[in-house]
Every structure is written in structure tokens, then in C-alpha cells.
Amino acid sequence: TSEMRGVARALAEKLAAPGGIEASRLPVKPDWAVTGDDLARYDVVAVGNPATNWVLAAAARAKGGLPVTFERDALVLGGKRYVGRDVGCAFAVPSPFAPGRALVVYAGVGPAGLGLARHLPRYLPDYVVWDRGLATAIGGAVLGDRDVLAAGFF
């Protein structure tokens, strides 16, 4: 939806800004402008979900797929279903597009779930799943007192 794309763009800009997920500014491209060469040469941060971001749709179809599947009103990780349009997740996995590269994903079931990612701290475990309980703080270095649904390492 256009609302999801707007939230995804705003989050991508926030993540790419100095002090976001790196100390320097990262380039931001709409998903449709990401090329096969980009996927082969770089670690990629993708924002959205497979229904709204072609990179995530391609990753979901690739050998090994993504560790998370998305339904209309839920996401499934590790066999557990997390229900709600305010559910989101972030995770880092080896890129299904190129050996030695990483794919970092910030995703939401709906715009509300994706938008809550602005409350994430700078450093995360391999994966974290949240809902509106995440919104207890903005920024910081670690999860601390944030109420998340799941977090851990693959």
C-alpha cells in the first residue's frame, strides 16, 4: 500500500542517517531501483515486507528463503505465529543473493508494525519481533526495558 511504502521510506531514511545503523550516511534506494549487481556486491538493508518490497519477495522465493513468513495479519518465525497489524520484526541473515553478503530486514505486518521500528535500539540480536509494547523508548544501545515478543540468535 502507499501507506506502507511511505512508512518504509521514512524508516529507511532514519536507518541510513549518520547514527542510524552506521556512523556514516548509507545510500537509500527504492526497492525497484535495486539491481542484481547491487545484491551481488553489497550487504543490503531491506525495509517493508514481501508484499511491498521486491527484494524481500525475491529473498522469500530464493533457496533457503527468509526465516520469517508473512500472512495478511501475522508473521511466523520459528513456528510461532505473531498476530496483529502492529507486529514487526528485524533480522539479519546471510544474503540469499550472494555468498559472503548479508541481508538485514526491517519488516512489518502492516504500517503500524513497521513504524514501531523507530523505537529499536542501535544494536540488536539476530532477530527481534515486536508489537506496540516496543514503544517504551526511542534509541539507546540495547533492548533494555523494551517489551518485545521474541528476540534471539539463529
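A residue counts as buried when its relative accessible area is under 20%, and as exposed when that figure is over 50%. Keep that cut-off in your head, because we'll lean on it as we walk through this structure. One more thing before we start: what you're looking at is a predicted model.

Let's begin with the whole chain. The protein chain has 4 helices and 8 strands. If you trace the chain from its N terminus, the elements come in the order α-α-β-α-β-β-β-β-β-α-β-β. The radius of gyration is 14 Å, close to the 15 Å that the globule rule gives for 154 residues, so the chain is as compact as a globular protein of that length. Picture a box of roughly 40 × 35 × 30 Å along the principal axes, and the C-alpha atoms fill it.

What's inside and what's outside? Of the 154 residues, 44% count as buried. The chain exposes about 8,000 Å², and carbon and sulfur atoms supply 56% of that area. As for charges, there are 17 positive and 14 negative side chains, and the centres of the two sets lie 3 Å apart. The fold also brings together parts that are far apart in sequence: among contacts with a separation of 6 or more, 48% are between residues 24 or more positions apart.

Now zoom in on helix H3, which covers residues 54-61. Which residues of H3 are buried? They are Val 55, Leu 56, Ala 57, Ala 58 and Ala 59. And what covers them? The cover includes helix H2 (36-41), strand E1 (44-48) and strand E6 (102-108). Have a look at the start of H3 too, where a side-chain oxygen of Asn 53 comes to within 2.8 Å of the backbone nitrogen of Val 55.

Next, hop back to helix H1 (residues 2-16), where you'll find Ala 12. Is Ala 12 buried or exposed? Its relative accessible area is 18%, so Ala 12 is buried. Not counting residues up to four places away in sequence, Ala 12 touches Val 28 and Val 47. You can also check its spacing to Val 45: the two residues are 33 apart along the chain, yet their C-alpha atoms are separated by 8.3 Å.

Two neighbours in sequence make a nice contrast. Pro 94 lies in strand E5 (residues 88-94), while Ser 95 sits in the loop between E5 and E6. Pro 94 has 67% relative accessibility, so it counts as exposed. Ser 95 has a relative accessible area of 12%, so it is buried. Leaving aside neighbours within four places in sequence, Pro 94 is in contact with Arg 101, Ala 102 and Leu 103. By that same kind of count, Ser 95 is in contact with Leu 39, Arg 101, Ala 102 and Leu 103. The side chain of Ser 95 also reaches the backbone nitrogen of Phe 97, at 3.0 Å.

Our last stop is Arg 146, in the loop between strand E7 (127-130) and strand E8 (150-152). Is this loop residue buried or exposed? Its relative accessibility is 9%, so Arg 146 counts as buried. For a sense of distance, Arg 146 and Asp 73 are 73 residues apart in sequence and 23 Å apart in space, C-alpha to C-alpha.

Conventions: Residues numbered from 1 in each chain as written. Predicted model: local features only at pLDDT ≥ 70, side-chain atom pairs only at ≥ 80, totals over all residues. Heavy atoms only, no water. Helix = DSSP H or I, 4+ residues; strand = E, 2+ residues; numbered from the N terminus. Rg over C-alpha atoms; globule rule 2.2 N^0.38 Å. Buried < 20%, exposed > 50% of the residue type's maximum accessible area, 1.4 Å probe, protein only. Contact = heavy atoms within 4.5 Å. Areas by Shrake-Rupley, 256 points an atom, 1.4 Å probe, with all protein chains shown as cover. Lys, Arg positive; Asp, Glu negative; His and termini not counted. Charge placed at Lys NZ, Arg CZ, Asp CG, Glu CD. Polar contact = N/O pair within 3.5 Å; in protein donor to acceptor, adjacent residues only side chain to side chain.
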